[in-house]
Structures are given as structure tokens and as C-alpha cells.
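Trainee: I am new to this structure and would like a close look at just one part of it. Could you pick a strand and walk me through its surroundings?

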Amino acid sequence: MRQLILDTETTGLNARTGDRLLEIGCVELVNRRLTGNNLHFYINPERDSDPGALAVHGLTTEFLSDKPKFAEIAEQLREYCRGAEIIIHNAAFDLGFLDMEYSRLGWPPFMEHCAGLIDTLLRAREMFPGRRNSLDALCERLGVNNAHRTLHGALLDAELLADVYLAMTRGQESLVIDEGESDQGNDGVTREKISLRQFELPVILAAAEEIELHDGVLNGIDKGIKGTCVWRKEPEPSEGEVAAA
């Protein structure tokens, strides 16, 4: 499974009013492993950045003046991203700019050549409702070191987002009891097997009041069905247990 974490920097906040891309950074994951096959461009946006945007990314018009224009790097970007699942934080913003740049070339929208999209901002809002879910906030919450991030940069932010995404989705990997082995799932990902013997799981028994409330619920069910509900019946032994007996 090939995934690309993508981030951009722009001259301002609105592609529809003429703001342009000036930096693109992509980090590649294959089977949840960083490959180092990353892609990074500084782009001459052919206009100045808004003061607010310049304060965020620090990329001056002078610095960008000798960089390639988007049309010069567009084909390399499209081929690099082709067929991959794209991971973006606040995807609507970045895709708005990419689609605008593609439309200037007469191309279809950016995602048409990609396999799918994950918006980590939407994922974070589902996981942490009511909390701040900016990239910096997620780094702090998930233990991702971003101390070296003084200004925003597309490649740096994509690298941080890769660590954040892996931390957010780590629970999707399987836990198994066997020690010292590995297992390959249906998705082709090889995972180390984790021993659960190291954990002491507490046994919490129901209090008397809870048992009484539970019995009251079961009594109500019995009355409703005019019989005995399944939660009061002893389970029948399986065929294997019968044979063993």
C-alpha cells in the first residue's frame, strides 16, 4: 500500500482570488514504513505573498524568483502521486490550490489520478471532539517532537504529519499473544507480534447495587417475553466440548 503525505505553502488563503502555491512537500509511506522517496519543490508563484502568509512560511519573493514555475514541475508531481492514497491535514485547503493550478494547465482535478484521500483533520475531530486539532496540537498530544518547527515548511510539515498519522492509526495494527514472531495480514503488511503476558489486567467485579439493577432489567425482559431471556440460560456446550467429555 503506497501512501503520500502531502503539504503545501501558499501566498495567501484563497486560490480563487489569485493566491498561488509556492512550496509542495510529499513524504512516501509504503506498508506504513517511511521510504525516504520524498518529493519537494519550491515554486515561483509569480506574485508576492500576503504579509500574514509570509510571516508563517518566511519564503520571500526574492528567494522564490529563480525557482521553477508550477507548469515546470506539474508533470513530475502528477506522476509521483499517480495511484497513491493521499494524506493531507485539512485537505480542502491544499486541494483547492492544487486543483486551481491544474485547471490553469487544462488538467482534471488533482485527485483524479490518485487512489483515495485521507483528511487527518477530519480524523482528528472524530478522535478528539471538542479539542484543538491543529498539527502542532496533535504533535503535542501524540508525543511527536516538533521542537525544530519555528516556521511552517511543506516538507517539514509533511514529515511531522507522517509521524502524527502513524501515531493516530497505530491501534489498527493487530495485537496477538505469541511472542517473538511476526505475522502478515491480508493487506500484505508484516507486523511484529506483541506479547500481552507483560500486562496485568485488573478484574473489577460488579457491586451489589449493580447486580441488583442488572437483575431488575432481566426481570423486565422476562416479563415482556413471558419466558426466560437468553441471559439467564446456561450456554449449551459446543461439539468440541461434547467430544472432549
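Mentor: Happy to; what follows is a tour of strand E2 and the strands beside it. Please keep in mind that this is a predicted model.

Let's begin with E2 itself, which covers residues 21–30. Of its 10 residues, 9 are buried, so the rest of the structure largely encloses this strand. Buried here means under 20% relative accessible area.

Now for the partners of E2. Strand E1, residues 2–10, runs antiparallel to E2, and 9 bridges join the two. To find this pairing in the model, look for Leu4, whose bridge partner in E2 is Glu28.

Another partner is strand E4, made of residues 39–42. E4 is also antiparallel to E2, with 4 bridges between them. Here you can search for Gly25, as its bridge partner in E4 is His40.

E2 pairs with strand E3 as well, a stretch formed by residues 33–34. These two strands run antiparallel and are joined by 2 bridges. In this pairing, Leu29 has Leu34 of E3 standing opposite. E2 and E3 form a hairpin with 2 residues between the strands, and in that hairpin Asn31 adopts a positive phi near 50 degrees.

To put the picture together, E2 is joined to E1 by 9 bridges, to E4 by 4 and to E3 by 2. As you turn the model, try following E2 from Gly25, bridged to His40, on to Glu28, bridged to Leu4, and then to Leu29, opposite Leu34.

Technical notes:
Residues are numbered from 1 along each chain as its sequence is written. This is a predicted model: local features need pLDDT of at least 70, side-chain atom pairs count only at pLDDT 80 or more; totals for chains, interfaces and linings use all residues. Side-chain values use heavy atoms; hydrogens and water are left out. Buried means under 20% relative accessible area, exposed over 50%, partly exposed in between (1.4 Å probe, protein chains only). Two strands pair if DSSP finds at least two bridges between them.
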